[in-house]
Amino acid sequence: MLPRIIHIVKRFGCVGGMETYVWRLVHGLSEQGFSVSVICEQVFNEVDSNIEVVRVETAMKKPRWKSMLTFRSRVEMLVREKYQGQAVIIHSHERSLLHHVTTFHGPPIDIGDNLRWIKCLIPRIRAWKRMEREELLAPQVQCVLPVSSIIQEALCSTYPELTGKRIELGWPGVEKSSMCGNQRHSTTFSKGNFVFVGREWKRKGLLRAVEIVRGFRDFNRNSTLDVYGVDSDEVPRAIRELSWARFHGWNAKIPWNQYDVLIHPAAREPFGMVVSEARAQGVAVLMSDRVGASDLQFECVRMVPFDAPLDQWIAGLHALLALTSRSIEVKWTWDDLVDLHSNVIYPQLEVKIL
């Protein structure tokens with residue numbers, strides 16, 4: 001008999017990033033016959049009836065570190081009470097307790113060397129570091145799943161003790177319906193319709209993207225940049241007043257067929273699901289070397305060092321636009337992620353009786 005799989009996440013819903021990852025994984029496991037429970041604070045979409053959702057109320061929303069301490073404490077109490085005597089595997093996506101496997105969706109906390117000892121005295125930093133260490137290195141943790149090799153390297157550098165734990169990569173996927181095989185087809189490029197996608201526009205490199213397109217417009221005055229995920233009133237006036245930059249806010253569906261290249265010069269991107277989504281639609285990608293999706297080694301992607309001079313970025317655009325055909329690539333789907341867990345991760349875990 002399959003054990004019950006308990007997933008822990010604060011926000012449960014197909015709303016982007018980590019939340020979409022957990023949503024896809026949980027529903028895929030349920031479809032494969034696993035008994036799945038989700039412990040969370042909020043639910044954003046209608047959940048399949050086969051999935052048990054247990055909500056934990058935490059009135060405190062800010063500061064985040066105190067809210068997380070409260071959340072994990074209440075989750076621990078709930079798990080011990082509700083699932084006592086049951087065979088379970090607890091899978092966390094938060095800074096939780098009791099879990100046997102954790103998926104690490106972002107980089108570890110970087111205190112830096114400047115005034116390090118003083119920073120470590122700040123209650124907020126001390127709390128986050130303690131929660132992070134317990135999430136990764138607590139005795140009952142059997143497996144750690146970074147979402148990319150970039151995150152894995154950062155974790156192992158920060159916590160050398162992780163060498164004693166099992167580590168597997170758990171990349172985010174794309175929908176299977178996006179898969180068209182690794183076909184090649186001719187296409188007519190407009191030679192200048194670019195797109196940027198990201199709510200966290202500073203970290204994902206919108207300012208750099210604007211400068212890249214501005215520089216490229218010296219060669220093609222008709223070039224444009226469409227921006228999704230952020231409203232114009234959230235960015236500096238100098239950007240929102242550009243005639244060739246158009247802001248569309250949040251949009252569940254990006255009209256990929258309108259664009260030649262996704263520009264993603266992120267300063268720090270644990271994975272970069274938008275890269276996989278763009279490639280699944282045959283859109284070329286110009287991205288920094290700090291994007292975890294580089295693990296999948298896509299074609300029609302030009303990777304540029306984050307700190308490279310502007311002309312190197314512009315040369316990357318020229319190289320991508322010079323292609324006479326582009327591939328449609330799906331290297332890793334949500335079904336692949338589910339299979340990784342059901343066939344590789346969970347069978348090798350020691351099931352616990354609470």
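What follows is a walk through selected strands, helices and residues of this structure. The model is a predicted one.

Begin with the open sheet of six strands. Its order is β13-β12-β11-β14-β15-β16, and the pairing is parallel. The edges are held by β13 (245-247) and β16 (301-304). Each of these two strands has a single partner, so one side of each is left without a neighbour in the sheet. On average, neighbouring strands here are turned by 20° against each other, direction ignored.

Now move to β15, residues 284-288. Five of its five residues are buried, so β15 is largely enclosed by the rest of the structure. Its side chains point two ways. A284, L286 and S288 go one way, V285 and M287 go the other, and all are buried. On one flank, strand β14 (residues 261-264) runs parallel to β15 and is joined to it by four bridges. Look for L262, which stands opposite V285 in β15. Strand β16 also pairs with β15 in the parallel sense, again over four bridges. In that pairing, M287 faces M303 of β16.

Helices cover this sheet. Helix α7 packs on it and touches β11 (193-197), β12 (224-228), β13, β14 and β15. The direction of α7 makes about 165° with that of β12. Helix α10 lies across β11, β14, β15 and β16. The run of α10 is at about 160° to β15.

The two helices also meet each other. Two packed helices are described by the angle between their axes and the distance between the axes. For α7 (residues 206-216) and α10 (residues 310-321), the angle is about 70° and the axes are 9 Å apart. That angle makes α7 roughly perpendicular to α10. Their crossing is right-handed. From α7, the contact uses R208, E211, I212, G215 and F216. From α10, it uses L310, W313, I314, L317, H318 and L321. By character, the residues of this contact divide into seven nonpolar, two polar and two charged.

Stay with α7 for one residue, L206. Is L206 buried or exposed? Its relative accessible area is 0%, under the 20% cut-off, so L206 counts as buried. Leaving out residues up to four places away in sequence, L206 touches F196, W201, L225, V227, V230, V235 and F247. One of these contacts, V230, is 24 residues from L206 in sequence. In space, the two are 10.0 Å apart, C-alpha to C-alpha.

Next, turn to strand β1, residues 4-8. Four of its five residues are buried, so β1 is largely enclosed by the rest of the structure. Strand β3 (residues 35-40) runs parallel to β1, and five bridges join them. Here H7 stands opposite V38 in β3. Strand β6 (residues 87-92) pairs with β1 too, in the parallel sense and over five bridges. In this pairing, I8 stands opposite S92 of β6.

Finish at E132, in helix α4 (residues 123-137). How accessible is E132? At 0% relative accessibility, it counts as buried. What surrounds E132, beyond its neighbours within four places in sequence? The contacts are R95, F104, P107, P108, I109 and Y159.

Conventions: Residues are numbered from 1 along each chain as its sequence is written. This is a predicted model: local features need pLDDT of at least 70, side-chain atom pairs count only at pLDDT 80 or more; totals for chains, interfaces and linings use all residues. Side-chain values use heavy atoms; hydrogens and water are left out. Axes are lines fitted to C-alpha atoms, for helices over the stretch in contact, and angles run from 0 to 180 degrees between N-to-C directions. Angles under 35 degrees count as roughly parallel, over 145 as roughly antiparallel, 65 to 115 as roughly perpendicular and the rest as oblique. A crossing is left-handed if the near helix is turned anticlockwise from the far one by less than a right angle, and right-handed if clockwise. Contact means heavy atoms within 4.5 Å. Ala, Val, Leu, Ile, Met, Phe, Trp, Tyr, Cys and Pro count as nonpolar, Asp, Glu, Lys and Arg as charged, and the others, Gly among them, as polar. Buried means under 20% relative accessible area, exposed over 50%, partly exposed in between (1.4 Å probe, protein chains only). Two strands pair if DSSP finds at least two bridges between them.
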